[in-house]
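Hi,

Here is the structure I promised to pass on. Have a look at it first, then read my notes below.

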Amino acid sequence: MNFNKYGYFKNQQAKSPLDLIQYDFSTEEQLVVPGDWNTQKKEFFFYEGSIWYKKDFTYQKKEDTRLYLYFGAANYEANVFLNGEHLGSHIGGFTPFNYDITDKVKEGNNFVVVRVNNKLKPDDVPTSNTDWWNYGGITRDVLLVETPSVSVDDYLVQLEKGRYDRIQGFVKLNTRQAGVKIKLEIPELKVKAQLTTDTEGKADFHIKSTPKCWSPESPQLYDVIITNGTEQIKDRIGFRQIETKGKNILLNGKKVFFRGICIHEEAPYRQGRVHSREEAEILLKWAKELNCNFVRLAHYPHSEHMVRAAEEMGLMVWDEIPVYWTIAFGNKETYQNASQQLIDMMERDKNRCAVVVWSLANETPESEDRNTFLANLSKQAKQMDNTRLISMAMEVGGTRDNVTSIQDGMNKYVDIISFNNYLGWYGGRIDDCKTRKWNIPYDKPVFISEWGGGALQGYHADKNTRWSEEFLAELYRQSIAMYDRLEGFAGMSPWILVDFRSARRQHHTYQNFFNRKGLISENGIKKQAFYVLRDFYAKKKMEYEQ
Ligand code: GCB
């Protein structure tokens with residue numbers, strides 16, 4: 001990338017009255033990081049383009065220490081500079097990245113400049129065509145991370161596939177150093193293993209141990225401690241098996257129903273991107289109130305706060321990448337981009353037992369290019385991790401003689417047949433639910449990844465009046481009854497927990513830039529339909545948990 005030599009990244013100051021410097025960070029406004037810019041200043045609400053950030057820090061160099069500059073996420077493209085030097089660029093608005101700055105950081109004063117650009121192009125992932133707010137900026141935590149020069153770079157700790165009495169995984173160093181001794185402990189299980197790295201700097205392990213399994217009813221996590229010399233890494237990790245057998249989903253060998261809800265990562269009460277654990281917990285507590293045991297984190301990787309909070313609260317997680325609607329399936333770079341986002345999401349969340357489904361896409365219209373693209377992504381996901389299920393939210397096929405067919409070439413690659421369906425909202429009438437038949441010719445579990453409709457909280461009318469709470473409650477009652485008749489019905493995640501910002505939702509009276517399909521309004525008030533779903537899930541819970 002070619003940056004103008006006068007560019008902001010140099011953080012220059014005019015030295016004489018004649019100097020041409022067309023910016024001055026020291027007099028600029030401040031933005032809070034982490035945070036989207038849209039909700040920090042009225043003028044930025046609709047803004048799409050570049051904003052330059054500058055942050056000073058002081059540092060005292062230490063022996064035998066590496067220093068990394070870490071970003072939880074920046075939407076969409078970030079170019080990062082340290083003391084005027086370009087460290088690199090990163091694309092993808094929802095995945096973490098970092099730079100090793102050990103050799104570049106100076107003793108004393110340093111400055112980081114980041115240019116973040118959120119303008120989406122047709123070949124980006126996602127494209128500019130979405131139904132959510134394109135919040136720009138450094139939306140997640142930024143950290144300076146110190147490690148010893150030889151440090152633990154990665155690890156995996158999980159149950160061996162198909163077994164309940166063996167824990168397996170690896171610990172990997174940041175260098176290919178053989179013979180390094182690493183200790184792995186899980187005190188509660190009395191596990192104490194001494195590992196030795198191979199020539200790749202990696203130590204694989206299989207340990208005999210029978211942990212209590214994690215489940216929504218009992219979200220057991222264990223302290224895991226990895227010690228490498230003076231370095232100690234602590235995590236909380238749970239153990240479980242997830243698999244399918246015919247039309248059933250089995251969690252720890254027992255049939256389970258995914259009582260789910262879709263969630264956008266939008267902050268409760270104030271909108272904007274969620275950037276704290278507290279805000280993540282408010283959303284997830286609402287999901288618990290609904291009697292959920294599952295959340296679909298749509299349509300992009302949510303922050304680690306969301307995933308970790310869900311795990312602790314006993315909610316299974318569907319993790320997704322933003323391969324959404326009409327991305328440029330024929331473009332090689334677009335594939336590389338999606339594939340990298342998938343790798344980054346899977347790498348980040350691989351130790352989270354709550355994550356049971358990797359979702360590769362949402363509502364992608366069939367074409368040859370799309371099929372090749374998604375088939376390749378599926379193979380990649382399976383190759384990286386065969387201990388979880390993979391799926392993608394498909395579109396429904398056509399309806400003939402009142403029979404809707406679910407047929408998609410990609411269904412042979414997925415473990416769960418998932419589809420979005422808006423009968424009664426985007427097509428047909430609510431009453432059609434009473435007679436609609438379904439043709440789902442696969443011996444796999446069926447999951448309705450989206451369905452729903454819009455209602456303005458507080459607007460009351462009869463059940464035939466669109467946008468009323470009564471209309472939505474009726475749509476919920478009838479949809480639920482219809483899906484509950486499906487053979488192989490293994491779960492669902494209606495659209496959506498809370499009303500969310502969307503630029504395409506412009507009806508002044510009912511929408512006002514909000515997608516109104518939430519069960520809860522943007523101010524945190526529950527609509528009637530919330531209780532319809534809550535009661536159905538209470539029933540399902542009884543059915544499955546006795
Ligand atoms: C969908 C999309 C979701 C939209 C929703 C809607 O099918 O997957 O992102 O927000 O419909 O409200 O239309």
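**Around the ligand**

Glu450 has a polar side-chain atom that lies 2.8 Å from an oxygen atom of the ligand. Before I go on, keep in mind that this is a predicted model, and the numbers here are computed from it.

Asn362 does something you can look at next: one of its polar side-chain atoms lies 2.8 Å from an oxygen atom of the ligand. Then there is His299, where an N or O atom of the side chain is 2.7 Å from a ligand oxygen. How much of the ligand's accessible area does the protein cover? On its own the ligand has 320 Å² of accessible area, and the protein covers 97% of that.

If you want to see who sits around the ligand, there are 14 residues to find. The closest are Asp131, Tyr324, Glu363, Tyr426 and Lys517. Sorted by character, the shell splits into five nonpolar, four polar and five charged residues.

**Rings, and charges over rings**

Now for the aromatic side chains. You describe a pair of aromatic rings by how far apart the centres are and by the angle of the planes. The count of aromatic pairs here comes to 42. One of them is Tyr8 with Trp52, an edge-to-face pair with 5.0 Å from centre to centre and 65° between the planes. What does this pair tie together? Tyr8 is in the segment before β1 (50–59) and Trp52 is in strand β1 itself, so the two rings link parts that are 44 residues apart in sequence. Tyr8 counts as partly exposed because its relative accessibility is 33%, which falls between the cut-offs of 20% and 50%.

Tyr23 and Phe25 make another pair: their ring centres are 5.8 Å apart and the planes are at 65°, so this one is edge-to-face too. Are these two residues buried or exposed? Tyr23 is buried, with a relative accessible area of 13%, and Phe25 is buried as well, at 14%.

Ring pairs also build a cluster that is fun to pick out on screen: Phe257, Phe419, Trp438, Trp451, Tyr476, Tyr483, Phe489 and Tyr544 are linked this way.

Two charged side chains sit over rings. Arg466 lies over the face of Trp425, 4.5 Å from the ring centre. Lys526 has its charged end over the ring of Phe530, at 5.3 Å from the centre.

**A few residues to click on**

Asp235 is in strand β14 (residues 231–237). Which side chains does Asp235 contact? There is a polar contact of 2.8 Å between the side chains of Asp235 and Tyr155, and another of 3.3 Å between the side chains of Asp235 and Arg352. Asp235 counts as buried because its relative accessible area is 6%, and the cut-off is under 20%.

Ile249 belongs to strand β16 (residues 248–251) and is buried, with a relative accessible area of 0%. Its C-alpha atom is 20 Å from that of Ala310, a residue 61 positions away along the chain.

Lys288 is in helix α1 (residues 277–289) and counts as partly exposed at 32% relative accessibility. Between the C-alpha atoms of Lys288 and Pro34 there are 27 Å, and along the chain these residues are 254 apart.

**Backbone oddities**

Last topic, the backbone. Most peptide bonds are trans, and most residues other than glycine have a negative phi. Where can you find exceptions? Asn75 and Tyr76 are joined by a cis peptide bond, with omega at about 10°, and Tyr76 is in the loop between β2 (65–71) and β3 (77–82). Val125 and Pro126 also have a cis peptide bond between them, with omega at about 5°. You'll find Pro126 in the loop between β6 (108–117) and β7 (142–148).

As for phi, Lys190 is not a glycine, yet its phi is positive, at about 60°. Lys190 sits in the loop between β10 (181–186) and β11 (191–196), and it is exposed, with a relative accessible area of 76%. Phe513 also has a positive phi, near 70°. Phe513 is in the loop between β29 (500–501) and β30 (514–515) and is partly exposed, at 25%.

Cheers

Note on methods. Residues are numbered from 1 along each chain as its sequence is written. This is a predicted model: local features need pLDDT of at least 70, side-chain atom pairs count only at pLDDT 80 or more; totals for chains, interfaces and linings use all residues. Side-chain values use heavy atoms; hydrogens and water are left out. Rings of Phe, Tyr and Trp (its six-membered ring) pair if their centres lie within 6.5 Å; planes under 30 degrees apart count as stacked, over 60 as edge-to-face and the rest as tilted. Helices (H or I, at least four residues) and strands (E, at least two) are DSSP runs, numbered from the N terminus. Buried means under 20% relative accessible area, exposed over 50%, partly exposed in between (1.4 Å probe, protein chains only). A charge sits over a ring if NZ of Lys or CZ of Arg is within 6 Å of the ring centre and within 35 degrees of the ring normal. A residue is near a molecule or strand if one of its heavy atoms lies within 4 Å of it. A polar contact is a pair of N or O atoms within 3.5 Å; within protein, one must be able to donate a hydrogen and the other to accept it, and residues adjacent in sequence count only if both atoms are side-chain atoms. Accessible areas come from the Shrake-Rupley method with a 1.4 Å probe; for residues, only the protein chains shown count as cover. Ala, Val, Leu, Ile, Met, Phe, Trp, Tyr, Cys and Pro count as nonpolar, Asp, Glu, Lys and Arg as charged, and the others, Gly among them, as polar.
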